[in-house]
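This briefing concerns charged side chains and their pairing. The structure to which it refers is shown below.

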Amino acid sequence: MIEISEQANLPTQFGNFKIQAFREKKSFKGEVYVLEHLVVKTEELPDNPLVRVHSECLTGDTLSSLKCDCGGELHFALKRIAKEQGMLIYLRQEGRGIGLFNKVNAYALQDKGLDTIEANLALGFKEDERDYKIVQFIFDYYKLRQIRLLTNNPTKISVFESMIALKREPIIVGCNAHNAHYLEVKKTKMGHLL
């Protein structure tokens, strides 16, 4: 069962938005837990809104880590959504779905030379443990029929094409000395359209 909060105003440095939370119970590796996802949207949604499905990255989104491109993608998306109208679906799936504790352990393995995929596999996880079922619920809740999906991830394109008519729009953020290898792995091993 999914619980849905009321909508509230969220003025930000990027623009004025409405927010709404979606709470779901999940089980992972034998444990039951609650995930609270957030939709950040413009007051009005056009017939073909710009949509970013963004997975939580505490280190990148909040602490401005240079090891990934997550914070940059989040800010890029919010700026465009404020200007062009649409929504950001913020999924609480830290570390490609392995959680913050395991993500820090994966970071430690990366410090020893493993790439992001090798680190997840070494910890006993798949390269990506995310689940996008809640996204279908959110698309239906807002009665979306077509979207302009802001992503470089071919897996997201494939998964969401089975849910909704979409056109992919690239999300372009900078590269730095700390995330260059990470981005290369996303491109060569995960097929990201960078």
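E94 is buried, with a relative accessible area of 5%. Its partner in a salt bridge is K103, and the closest N and O atoms of the two are 2.6 Å apart. K103 likewise counts as buried, because its relative accessibility of 7% falls under the 20% cut-off. The model is a predicted one, and it holds 13 salt bridges.

**A shared network**

- Salt bridges with partners in common join R80, E84, R148 and E169 into one network.

**A pairing between two loops**

- E56 and R92 form a salt bridge in which the closest N and O atoms are 3.1 Å apart.
- E56 is located in the loop between strand 5 (50-55) and helix 1 (58-62), and R92 in the loop between strand 6 (86-91) and helix 3, so this salt bridge ties together parts that are 36 residues apart in sequence.
- E56 is buried, at a relative accessible area of 15%, whereas R92 is partly exposed, at 34%.

**A pairing between two strands**

- A salt bridge is formed by R23 and E3, with 3.4 Å between the closest N and O atoms.
- R23 belongs to strand 3 (residues 16-28) and E3 to strand 1 (residues 2-4); the pair links distant parts of the chain, 20 residues apart.
- R23 counts as partly exposed because its relative accessibility is 36%, a value between the cut-offs of 20% and 50%.
- E3 also counts as partly exposed, with a relative accessibility of 39%.

**A buried arginine without a salt bridge**

- R96 lies in helix 3, which spans residues 94-97.
- R96 is buried but has no salt bridge.
- Why does R96 have no salt bridge? The nearest side chain of opposite charge, D128, is 4.7 Å away, and a salt bridge requires a side-chain nitrogen of Lys or Arg within 4 Å of a carboxyl oxygen of Asp or Glu, so the criterion is not met.
- The side chain of R96 does make a polar contact of 2.9 Å with the side chain of T116.

**General background**

- Side chains of opposite charge can pair when their charged atoms come close.

Note on methods. Residues numbered from 1 in each chain as written. Predicted model: local features only at pLDDT ≥ 70, side-chain atom pairs only at ≥ 80, totals over all residues. Heavy atoms only, no water. Helix = DSSP H or I, 4+ residues; strand = E, 2+ residues; numbered from the N terminus. Buried < 20%, exposed > 50% of the residue type's maximum accessible area, 1.4 Å probe, protein only. Lys, Arg positive; Asp, Glu negative; His and termini not counted. Polar contact = N/O pair within 3.5 Å; in protein donor to acceptor, adjacent residues only side chain to side chain.
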